[in-house]
Amino acid sequence: MVGEGVERITVHLVGRYVHEGGVGKTTLAVHVAHQARRHFPDGQLYVDLQGAGARAAEPETVLGAFLRALGTADSAIPDTLDERAALYRSTLDGRRVLVLLDNAHDAAQIRPLLPGTEGCAAIVTSRMQMVDLAGAHLVDLDEMSSAESFEFLTRIVGEERIHSEWEAALDVVAACGFLPLAIRIAGSRLAARRSWTVSALAAKLSDERQRLQELQAGDLAVRATLDLSFRNLTKVQARVFRMLGAQSSPAISAEEVRTMLRVGAVEAERVLEELASAGICIPLESGRYRLHDLARLYARTATY
């Protein structure tokens with residue numbers, strides 16, 4: 001993805017769907033950065049931009065930290081954003097540095113942080129699809145396949161236990177919605193409790209009312225990740241989200257939203273597109289939109 005002959009390229013990794021917080025953007029980005037390190041002998045810069053939190057990192061603050069990491073004295077760091085961005089790019093001029101901007105809020109936050117010089121590259125991860133980020137190569141991350149999920153669970157728990165109860169293991173990854181974060185949590189719980197059978201965990205996860213509660217281990221929790229995704233929904237977006245969760249059908253159309261909200265067709269389509277761009281719902285080829293299974297469970301109990 002980032003290699004020889006790649007100059008001034010921004011690779012934008014985005015979790016397409018509502019489970020984007022657990023789809024593996026950061027893990028993949030760090031892996032790519034590690035694999036590409038020989039192409040950037042002058043080093044790598046990393047920052048968590050806190051884009052899904054209540055207070056995203058300010059570009060001025062990040063630039064200050066980057067400049068210090070690049071050897072700039074505090075007394076030489078200017079006060080304004082534009083001046084810091086200019087000094088940052090001039091400092092990178094002639095160097096080969098990879099910049100990893102993790103968990104970005106929007107394009108406006110990251111534009112001042114992009115190197116903009118030959119020999120450097122940037123990898124950006126975000127829960128938003130930044131269609132206004134010029135020059136970026138967009139990489140959508142989907143949920144894993146059943147086979148990939150089974151292999152992932154096997155690596156965490158061990159071949160002997162998983163292969164001896166392979167049907168129950170398939171039930172576990174299906175209950176996890178093939179979401180890497182959920183599978184990691186389920187696998188970690190099994191690995192920590194050698195007395196548990198895979199069937200026992202599958203039974204726990206089969207109860208939809210308790211599934212999100214079961215999918216937590218230590219500081220990892222699917223519900224907490226979903227909380228971050230939906231914290232900044234507008235009232236209209238939250239209402240449509242609840243509609244998606246309450247539907248007996250797994251998908252909803254713009255026409256159905258128009259009828260429920262009593263708005264025009266353009267407004268209904270706009271709200272659904274906003275939710276899709278934010279990774280809240282999944283646009284289907286049929287023109288309908290659906291939620292990931294775990295997000296549907298969350299939507300039925302979430303309050304705003």
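**Close-ups of three salt bridges**

**View 1. One helical turn, two charged partners.** Helix α14 (residues 265–277) holds both arginine 270 and glutamate 274, set 4 residues apart, or about one turn of the helix. Keep in mind that this is a predicted model. The two side chains meet in a salt bridge, with 2.2 Å from N to O. Arginine 270 is partly exposed at 37% relative accessibility, and glutamate 274 is partly exposed too, with a relative accessible area of 29%. There's a third player here: salt bridges with shared partners tie Glu267, Arg270 and Glu274 into one network.

**View 2. Arginine 68 meets aspartate 74.** Here the side chains of arginine 68 and aspartate 74 come together in a salt bridge, 2.6 Å from N to O. Arginine 68 sits in the partly exposed class, with a relative accessible area of 43%. Aspartate 74, on the other hand, counts as exposed, with 53% relative accessibility; the cut-off for that label is over 50%.

**View 3. Aspartate 207 pairs with arginine 209.** In this salt bridge between aspartate 207 and arginine 209, the closest N and O atoms are 3.2 Å apart. That still qualifies, because a salt bridge needs the nitrogen within 4 Å of a carboxyl oxygen. Aspartate 207 is partly exposed at 25% relative accessibility, while arginine 209 counts as exposed at 74%.

**Putting the views in context.** Side chains of opposite charge can pair when their charged atoms come close. The structure has 9 salt bridges in total, among them the ones joining arginine 68 to aspartate 74, aspartate 207 to arginine 209, and arginine 270 to glutamate 274.

Key: Residues are numbered from 1 along each chain as its sequence is written. This is a predicted model: local features need pLDDT of at least 70, side-chain atom pairs count only at pLDDT 80 or more; totals for chains, interfaces and linings use all residues. Side-chain values use heavy atoms; hydrogens and water are left out. Buried means under 20% relative accessible area, exposed over 50%, partly exposed in between (1.4 Å probe, protein chains only).
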